[in-house]
Amino acid sequence: MIQRKTWQRFGLLTLLGIFLSWLISCTPAPQSNGNTLDFWTMQLSPKFDAYFEQVIDQFEKDNPDIKVKWTDVPWAAMQSKILAAVAAKTAPDVVNLNPDFASQLASKGSWLDLDDAIDQADRDRYLSNIWDASSLNGKTFGIPWYLTARIAIYNKAIFDEAGISEPPKTYAELATAAKQIKDKTGKYAFFVTTVPTDSGELMESFVQMGVKLVDPAGKAAFNSPEGKAAFQYWVDLYKQKLIPPAILTEGHKRAVDLYQSGEVALLSSSPQFLNSVKTNAPDIAKNSVAAPQITGSTGKKNVAVMNLIIPKDTDKAEAALKFALFVTNSENQLTFAKEADVLPSTTESLADPYFSEVKEGDDISQARVVSAQQMEDAEILVPAMKDIKKLQKILYENLQQAMLDRKSVNQAITDAEKAWNQTVGT
């Protein structure tokens with residue numbers, strides 16, 4: 001009897017379990033954040049909060065099944081945060097990076113390959129030379145967003161005092177102007193840092209002078225006639241005391257200080273810098289004029305690119321791609337470029353009169369037009385590659401040794417070649 005009741009209870013429990021299983025299977029699963037995109041930008045809040053709120057609101061109206069959670073990360077914190085997030089597979093679905101840093105993770109296969117994901121019509125909206133900046137080993141890892149291109153800002157009063165009517169256009173002309181300015185005014189024409197951890201402007205000048213930094217295998221290619229000539233160019237300027245000795249120990253900020261104090265005649269910077277000069281050195285600002293950036297025999301011009309990246313491990317790749325293309329479409333890029341005083345990366349938005357018309361008496365608009373006109377020749381001068389900062393350190397340290405007469409130019413560039421090749425593949 002006890003056994004019979006036991007089996008009856010077992011049968012009842014079994015039927016109850018089957019019923020509960022059926023009930024659970026027919027009940028919709030609770031919604032998580034599966035339809036929410038995580039979007040990270042780099043140091044754009046709070047200044048552009050209203051802009052991003054409007055863009056996100058519009059995207060969510062157009063795509064009611066997708067929500068966007070926006071997080072802005074300080075510039076200094078982004079590298080460590082995204083590295084940790086990618087390693088933990090908790091990376092945002094869309095993240096704002098520059099090609100230099102993004103390429104470090106691209107070399108590890110961390111980003112979604114966009115070549116098959118984006119059709120040619122979408123791709124053709126962007127400047128082709130800018131699109132190529134977010135590629136590594138033939139694979140596209142990023143969508144171009146906003147751009148900045150250096151210009152030369154020169155102090156016309158110093159040039160006039162030196163008897164020079166136009167600013168130099170090339171490094172060869174810069175060397176001639178530097179001697180004339182030093183002889184006539186006692187001031188320096190230019191400051192470019194050789195501090196290994198600071199600006200890459202000097203390394204970019206090598207490329208503008210025709211130097212190939214690395215070969216297709218990543219090995220050093222700079223130990224060439226062009227490379228030796230570039231080393232010799234900067235060594236000569238230093239030894240002839242035509243550039244400040246502080247280039248060995250101080251970074252680009254020192255160049256800014258010297259320009260604003262009237263001790264340097266020319267500064268390589270962005271159009272936005274003119275606003276700072278007006279605030280910090282109004283007398284210098286009155287004599288500051290924008291000109292195209294200095295280049296070498298190649299005529300190449302520098303551009304800095306910010307892009308949007310989609311991690312390979314996202315489970316929302318389709319929605320993430322749709323959002324990234326929406327943020328970077330021509331309409332949104334034009335609006336953001338005007339608000340942020342940067343350049344857009346689509347051909348349609350760059351064709352807007354805002355980037356070609358100079359307002360009378362407005363030196364900021366003149367600088368913006370000068371910067372925009374360079375986009376036809378602009379490119380990322382240093383290719384996306386792993387350990388680019390190591391290459392910069394090796395080149396700068398050996399260049400410093402040649403400047404200080406501790407090595408000949410030939411020895412310095414040979415030692416740099418050996419040091420770099422030892423890092424390749426490690």
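Start by selecting Ser-134, which sits in the loop between α6 (128-131) and β4. This is a predicted model, so keep that in mind as you click around. Is Ser-134 buried or exposed? Its relative accessibility is 0%, so Ser-134 counts as buried. Now show what surrounds it: setting aside residues up to four places away in sequence, Ser-134 touches Pro-99, Lys-139, Thr-140, Phe-141, Gly-142 and Asn-307.

Next, slide along to Leu-136, in strand β4 (residues 135-136). Leu-136 has 12% relative accessibility and therefore counts as buried. Leave out its neighbours within four places in sequence, and the contacts of Leu-136 are Ser-103, Ala-106, Ser-107, Phe-141, Ala-384 and Met-385. For a sense of scale, draw a distance from the C-alpha atom of Leu-136 to that of Leu-248: you should get 32 Å, for two residues 112 apart along the chain.

Time for the sheets. Pick out the six strands of an open sheet, ordered β2-β1-β3-β11-β6-β12, with mixed pairing. Its edge strands are β2 (67-73) and β12 (343-344), each of which pairs on one side only. Zoom in on β6 (residues 142-148) and β11 (residues 304-309): they pair in the antiparallel sense over five bridges. You've already met one residue here, since Gly-142 is among the contacts of Ser-134. What stands opposite Gly-142 in β11? That would be Ile-309. Then add helix α3 (residues 75-87), which lies across β1 (36-42), β2, β3 (94-97) and β11. Helix α3 runs at about 140 degrees to β1.

Hop over to another open sheet, this one with three strands in the order β8-β7-β9 and antiparallel pairing. Strands β8 (266-269) and β9 (288-292) are at the edges with a single partner strand each, so one side of each has no neighbour in the sheet. From one strand to the next, the twist averages 30 degrees. Between β7 (residues 151-155) and β8 there are four bridges, in the antiparallel sense. Highlight Tyr-154 and you'll find it opposite Leu-266 in β8. Packed on this sheet is helix α17 (residues 363-373), touching β7 and β9. The direction of α17 makes about 15 degrees with that of β9.

Now hide the cartoon and look at side chains. The largest nonpolar core has 76 residues, and those with the most contacts inside it are Phe-206, Leu-213, Phe-222, Trp-234, Leu-391 and Leu-395. Which helix gives the largest share of this core? It is α18 (residues 388-403), with eight residues. Select Phe-222 for a closer look: beyond its neighbours within four places in sequence, its contacts include Leu-213, Leu-391, Leu-395, Ile-413 and Trp-420. There is also a second, separate core of 67 residues, including Leu-127, Trp-145, Leu-321 and Ala-337.

Last stop: helix α9 (residues 201-208). How many of its eight residues are buried? Eight of the eight are, so to speak, under cover. Phe-206, which we saw in the core, is one of the buried residues of α9, and so are Glu-201 and Gln-208. To see what covers them, switch on α8 (171-185), α10 (225-239), α11 (252-260), β8, β10 (301-302) and α18, which are included in that cover. Finish just after α9 with Gly-210, which takes a positive phi of about 100 degrees.

Conventions: Residues numbered from 1 in each chain as written. Predicted model: local features only at pLDDT ≥ 70, side-chain atom pairs only at ≥ 80, totals over all residues. Heavy atoms only, no water. Helix = DSSP H or I, 4+ residues; strand = E, 2+ residues; numbered from the N terminus. Buried < 20%, exposed > 50% of the residue type's maximum accessible area, 1.4 Å probe, protein only. Contact = heavy atoms within 4.5 Å. Pairing = 2+ DSSP bridges. Axes fitted to C-alpha atoms, helices over the stretch in contact; angles between N-to-C directions. Core = buried A, V, L, I, M, F, W, Y, C linked by side-chain atoms within 4.5 Å.
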